[in-house]
Amino acid sequence: MSHFSKTQYDSFSTSYDSINDIPIGRIMVPNVERLVKPYIKNARVLELACGTGFHTQHLLDWGAASLVGVDVSQAMLEGAEAELRKQPAHEGKYRLMVQDCSAPFTVTDDNGDSLEGKFDLVFAAWLLNYAPDLATMTEMFKNISKHLKSAGRFITILPHPEVDPMICVDNVNAQHRQGYGYRIEVRERLPEEGYLVHLYFDTVDPVVDFGNYYLPMTVHERAARDGGMKGKLTWEEAKVPEDHDKLNSYMKEPIEKGYLDEWSKYPDFGILVVEKE
Ligand SMILES: C[S@@+](CC[C@H](N)C(=O)[O-])C[C@H]1O[C@@H](n2cnc3c(N)ncnc32)[C@H](O)[C@@H]1O
């Protein structure tokens with residue numbers, strides 16, 4: 001089942017980064033940093049749906065020994081390559097490859113040897129919301145678990161988790177009316193109590209818009225287990241750093257005190273952490 005092209009990002013890859021530059025995009029970074037920092041030093045990292053490399057650069061900056069970035073969109077990866085090339089310190093530490101994470105794939109090293117079971121950390125921002133159903137999300141988790149070492153973990157940014165994703169849709173739309181990032185149009189109710197939705201980032205120019213699936217928390221939990229992730233599973237909340245100067249150090253342009261107060265009552269994203277064993 002697919003309601004939009006898997007490579008929909010090819011057509012707007014060059015304007016995509018504008019959505020990571022708005023404050024509610026930038027606020028992902030301290031949250032990823034908080035959860036990833038204890039495990040990133042000298043880690044071998046697999047990043048799924050790496051897109052134009054927004055998080056890739058941070059993962060390398062924070063000390064990853066090596067990183068393989070995967071995305072289904074060739075154009076998004078070209079954007080990532082262009083950005084990463086600007087940072088000589090990262091040369092030779094990363095490889096990018098086109099893969100569909102909803103179908104089985106195996107990452108290999110330069111000699112063609114399998115890297116299954118070799119990664120300390122699998123990271124993904126906004127991948128699981130490309131699974132329309134439990135079966136597809138389970139396939140994603142199978143790829144995640146097979147590439148992780150037994151002591152490894154998966155850390156992912158995803159739409160604010162809810163038992164009923166309509167609660168997330170309603171809250172994000174209410175915030176959009178207050179001037180935050182994007183609105184969500186519900187296109188279809190899916191069989192597994194989720195929704196086919198379309199996001200419109202009309203606070204950036206040109207407008208960036210794309211399809212997504214919002215599925216219940218329970219589907220994520222079941223897919224993780226069915227996909228082979230047997231360890232501790234934790235839903236983490238997105239937070240805003242209390243120190244305003246620190247918060248602004250993550251922003252492209254400084255924001256006023258209190259700008260994220262409304263957003264922080266209902267962050268548009270959550271974070272899921274699942275240990276393999
Ligand atoms: C919202 S973007 C996020 C990109 C990047 N993680 C970031 O946060 O800037 C979603 C990305 O997921 C990729 N994607 C969607 N479905 C995918 C799939 N089945 N396999 C791999 N990548 C996929 C898209 O091409 C796109 O680059």
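Buried here means under 20% relative accessible area and exposed over 50%, with partly exposed in between (1.4 Å probe, protein chains only). By that yardstick, aspartate 21 is partly exposed, at 25% relative accessibility.

A word on the model: it is predicted, so local features need pLDDT of at least 70 and side-chain atom pairs count only at pLDDT 80 or more, while totals for chains, interfaces and linings use all residues. Residues are numbered from 1 along each chain as its sequence is written, and side-chain values use heavy atoms, with hydrogens and water left out.

**Salt bridges**

Side chains of opposite charge can pair when their charged atoms come close. The cut-off for a salt bridge is a side-chain nitrogen of Lys or Arg within 4 Å of a carboxyl oxygen of Asp or Glu. Searching the whole structure turns up 16 salt bridges. Here are three of them, with the N to O distance for each:

| Lys or Arg | Asp or Glu | N to O distance |
|---|---|---|
| Arginine 26 | Aspartate 21 | 2.5 Å |
| Lysine 252 | Aspartate 21 | 3.3 Å |
| Arginine 187 | Glutamate 185 | 3.0 Å |

Aspartate 21 pairs with arginine 26 and also with lysine 252. Aspartate 21 sits in helix H1 (residues 13–21), whereas lysine 252 is in the loop between helix H9 (244–249) and helix H10 (261–265), so this pair ties together parts 231 residues apart in sequence. Helices are DSSP runs of H or I with at least four residues, strands are runs of E with at least two, and both are numbered from the N terminus. As for the partners, arginine 26 is buried at 18% relative accessible area, but lysine 252 is exposed at 51%.

Over at the other pair, arginine 187 is partly exposed at 43%, and so is glutamate 185 at 29%. Shared partners link Arg183, Glu185, Arg187 and Asp202 into one salt-bridge network.

**Asparagine 212**

Asparagine 212 belongs to strand E8 (residues 208–214) and is buried, with just 2% relative accessible area. Its side chain makes a polar contact with the side chain of tyrosine 130 at 3.2 Å. Leaving aside neighbours within four places in sequence, asparagine 212 is in contact (heavy atoms within 4.5 Å) with Phe4, Asn129, Tyr130, Tyr195, Leu196, Val197 and Leu199. A polar contact is a pair of N or O atoms within 3.5 Å; within protein, one must be able to donate a hydrogen and the other to accept it, and residues adjacent in sequence count only if both atoms are side-chain atoms.
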